[in-house]
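Let's take a walk through this one together. Have the viewer open and follow along as we go.

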Amino acid sequence: MRHPRQRLRPLLAVLSGALLALTGCSGQGDEAGPDTLAAEVAASLSEKTLAEVPLAPGSSPEAADELAALLEPFADAPVAVSLAQVTEVPEGEGEGAGEDRASALLDWTWELPGGTWEYSSSATLVHQDDEWALSWEPAVVHPDLVPGDTVSLSNGRGARGRVLGAGGEPIVADRPVVRYGLDKAQLAPRQAVVSARRVAVLLGVDRKPFVDRVKAYGPKAFVEAVVLRAEEAVDVPPAFADVPGAVAIDAELPLAPTRDFALELLGRVGPATAELIEESQGRLAEGDTTGLSGLQARYDDQLAGARSTTVVATGQEGESRSLVTVGGTPGRDLALTLDPAQQMRAEEVLASVSGTASALVAVRPSDGHVLAAATGPGTDGLNVATAGQYAPGSTFKLATALALLRAGTRLTDVVPCPATTVVDGRTFKNYDDYPASQLGPVSLRTAFAQSCNTAFIDAGTRLDEGALADAAGSLGLGFDRDVGYPAYFGQVPAPEGETEQAASQIGQGRVLASPLGMASAVASVVAGRTVTPVLVPEHQVTGGAPARELAGGEVEQLRTLMRAVVSEGSGSFLSDLPGDVGAKTGTAEWGTPGPDQELPTHTWMVAFRDDLAVAVFVERGESGSGTAGPLLEAFLTS
């Protein structure tokens with residue numbers, strides 16, 4: 001298919017003639033003048049050819065091939081060449097004395113992946129044997145090209161934007177790495193395979209895939225085996241340096257402070273895959289670095305630098321020089337509210353939890369900023385902290401208590417707390433370590449502090465339809481919002497029968513929440529308003545809103561209940577902490593038990609300390625106070 005610019009060719013000739021008439025350049029009587037040929041040269045070069053242009057004696061007989069070789073890297077790049085001016089050279093001046101000569105000034109406009117490249121070149125026209133002809137030389141294409149030059153293009157991008165934390169502290173920024181691999185240019189094919197096997201063993205990478213890549217790459221390729229942070233490079237065996245062809249290249253990559261820092265939330269950056277390139281509709285190209293997951297993927301358009309293209313000329317002796325670099329403006333930084341010190345502390349606290357999913361989220365109630373969103377090592381890469389979906393157990397009694405307060409129940413009202421209660425044929429009980437001394441008639445305050453399931457199930461019979469969901473919504477649970485990052489705010493569906501209603505009141509059944517959601521609920525209690533957790537301040541939150549806002553009297557009573565958990569209930573181990581401290585423990589049975597086995601248990605603990613709200617979750621544990629509690633205490637005392 002002819003490029004649309006090819007249709008400009010006749011028009012260029014007409015315009016060039018008009019222009020030259022104004023500049024005073026004349027032809028040779030009835031014979032076509034240099035202006036006609038100059039216009040023909042411009043039009044032909046716009047088509048990347050000289051096939052129909054007469055060449056002056058002395059021009060290389062391989063001129064067409066030389067032009068094709070110079071322009072081959074530009075095969076997919078549109079170009080427009082226009083004639084700016086033709087100037088006749090007085091007889092006797094310059095080369096070819098005694099010949100009529102003219103100089104044509106050509107304006108070039110290339111559309112490269114990185115942007116527009118504009119420049120001018122000059123073409124010498126010679127009049128011999130009653131004809132004007134082009135004196136071909138590489139400088140016709142670009143003034144800095146000389147015979148023997150080759151041209152290549154290198155596409156890249158401007159520097160990737162950083163991910164910043166609280167106070168503008170860089171979280172993801174360019175950090176030193178070492179790229180380990182094999183330089184095939186140093187090796188014969190058979191030796192390359194032998195070295196590849198040895199490199200794979202020494203670096204601890206899968207041998208067969210690496211050897212297959214070495215076989216597939218070109219004879220002069222560098223084949224990367226692994227990229228290590230600079231501080232990790234000390235662990236590479238010294239024997240690596242003795243492997244023929246093995247090389248280590250210092251480089252930089254956008255990385256977080258540690259390999260696992262908020263990894264599930266921030267995501268990874270790496271080479272664009274074929275699938276991503278296809279889906280990008282031209283935004284990505286082979287060799288690009290792009291966000292592969294998490295926030296790095298969601299905000300890739302913002303973080304990725306603009307595409308750049310560098311045009312390089314290489315001489316016969318192998319020396320290279322850059323003709324131009326176009327584009328390549330850097331990406332924009334992404335500001336987050338994460339506090340790097342708090343995030344690292346949260347990850348240290350969870351590091352001891354292995355074999356099961358865990359998470360810790362910390363939110364500042366006064367402004368809703370998410371300071372930490374850590375996921376433990378046993379989560380298989382899932383973002384449990386902000387997007388996990390789990391039964392919240394007794395931590396959900398915050399919502400049940402709020403619904404009861406709205407129904408007229410007072411903290412001092414007496415409610416029954418038997419060891420078990422039966423609802424529509426199903427038996428509910430308290431958690432295994434519930435203190436026997438707290439059974440019987442107790443106040444609502446005591447039932448909350450000790451986490452009496454049976455009391456909350458019995459009291460819940462006085463709630464109107466939808467009251468529980470409305471109360472949860474006032475705490476930020478159960479309605480969707482787009483907050484600019486992966487976030488799950490839970491569900492509180494209408495119960496299907498009395499049994500499910502009872503289960504919902506103690507955070508089980510089909511009630512679900514995330515650690516982020518429960519931390520936000522606690523933050524709402526502290527702030528006295530429904531808190532929407534903020535991680536990406538520049539994002540405009542969209543979505544639902546609670547059916548009913550919190551009232552001042554309600555939140556003070558909820559704070560009193562949470563303080564009672566610490567002063568006299570299941571969170572008494574936090575009583576030595578300074579400041580205003582409140583908490584709630586929780587467990588939730590889930591899954592399907594095996595023969596003669598009890599259901600596994602989710603364990604939770606949520607708390608506030610002054611202007612900090614925290615939720616800790618462990619997928620499999622013994623109890624909220626016994627499993628999640630020590631983790632929360634360690635975080636709050638750091």
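Which residue in β9 is the bridge partner of V177? Find V177 and look across: the partner is A251. One thing to keep in mind as we go is that this is a predicted model.

That pair is a good way into the neighbourhood of β7. Strand β7 covers residues 170-183, while β9 covers residues 246-255. The two run antiparallel and share 10 bridges. β7 also pairs with β8, residues 222-229, again in the antiparallel sense, this time over 7 bridges. If you want a spot to check in that second pairing, go to D183, which stands opposite F222 in β8. In general, strands of a sheet pair through backbone hydrogen bonds, either parallel or antiparallel.

There is one further partner for β7 to visit. Strand β6 is just residues 163-164, and 2 bridges link it to β7, with the two strands antiparallel. Here L164 sits opposite P170 of β7. Together β6 and β7 make a hairpin, with 5 residues between the two strands. Within that turn, G167 has a positive phi of about 70°.

Now move along to a sheet later in the chain. This is an open sheet of 5 strands, paired antiparallel, and its order reads β16-β15-β25-β24-β23. Why do β16 and β23 each have one side without a neighbour in the sheet? They stand at the edges, β16 at 369-375 and β23 at 581-589, and each has a single partner strand, so one side of each is left open in that sense. On average, neighbouring strands here are turned by 10° against each other, ignoring direction.

Inside that sheet, β15 (residues 358-364) is joined to β25 (residues 613-618) by 6 bridges, and the pair is antiparallel. To land on a specific position, pick L360, whose bridge partner in β25 is V616. As a general point, side chains in a regular strand alternate between the two faces of the sheet.

Two helices come into play here as well. Helix α18, residues 552-568, lies across β23 and β24, and runs at about 80° to β23. Helix α19, residues 624-636, lies across β15, β23, β24 and β25, and its angle to β24 is about 35°.

Next, the cysteines. How many disulfides does a search of the whole structure find? It finds 1, and it joins C417 to C452 with an S to S distance of 2.0 Å. The link is right-handed, with 110° about the S-S bond. C417 belongs to strand β17 (residues 414-417) and C452 to the loop between α13 (444-450) and α14 (453-459), so the pair ties together parts that are 35 residues apart in sequence. Are these cysteines buried or exposed? C417 counts as buried at 1% relative accessibility, and C452 is buried too, at 0%.

Finally, zoom out to the whole chain. Its secondary structure comes to 19 helices and 25 strands. The radius of gyration is 36 Å, well over the 26 Å that the globule rule gives for 638 residues, so the chain is more spread out than a compact globule. The C-alpha atoms fill a box of roughly 120 × 60 × 45 Å along the principal axes. Of the 638 residues, 49% count as buried. Among contacts with a separation of 6 or more, 69% come from residues 24 or more positions apart. The chain exposes about 28,600 Å², with carbon and sulfur atoms supplying 49% of that area.

Key: Residues are numbered from 1 along each chain as its sequence is written. Side-chain values use heavy atoms; hydrogens and water are left out. A disulfide is a pair of cysteine sulfur atoms within 2.5 Å. Helices (H or I, at least four residues) and strands (E, at least two) are DSSP runs, numbered from the N terminus. Buried means under 20% relative accessible area, exposed over 50%, partly exposed in between (1.4 Å probe, protein chains only). Two strands pair if DSSP finds at least two bridges between them. The radius of gyration is taken over C-alpha atoms; the globule rule is 2.2 Å times the number of residues to the power 0.38. Contact means heavy atoms within 4.5 Å. Accessible areas come from the Shrake-Rupley method with a 1.4 Å probe; for residues, only the protein chains shown count as cover. Axes are lines fitted to C-alpha atoms, for helices over the stretch in contact, and angles run from 0 to 180 degrees between N-to-C directions.
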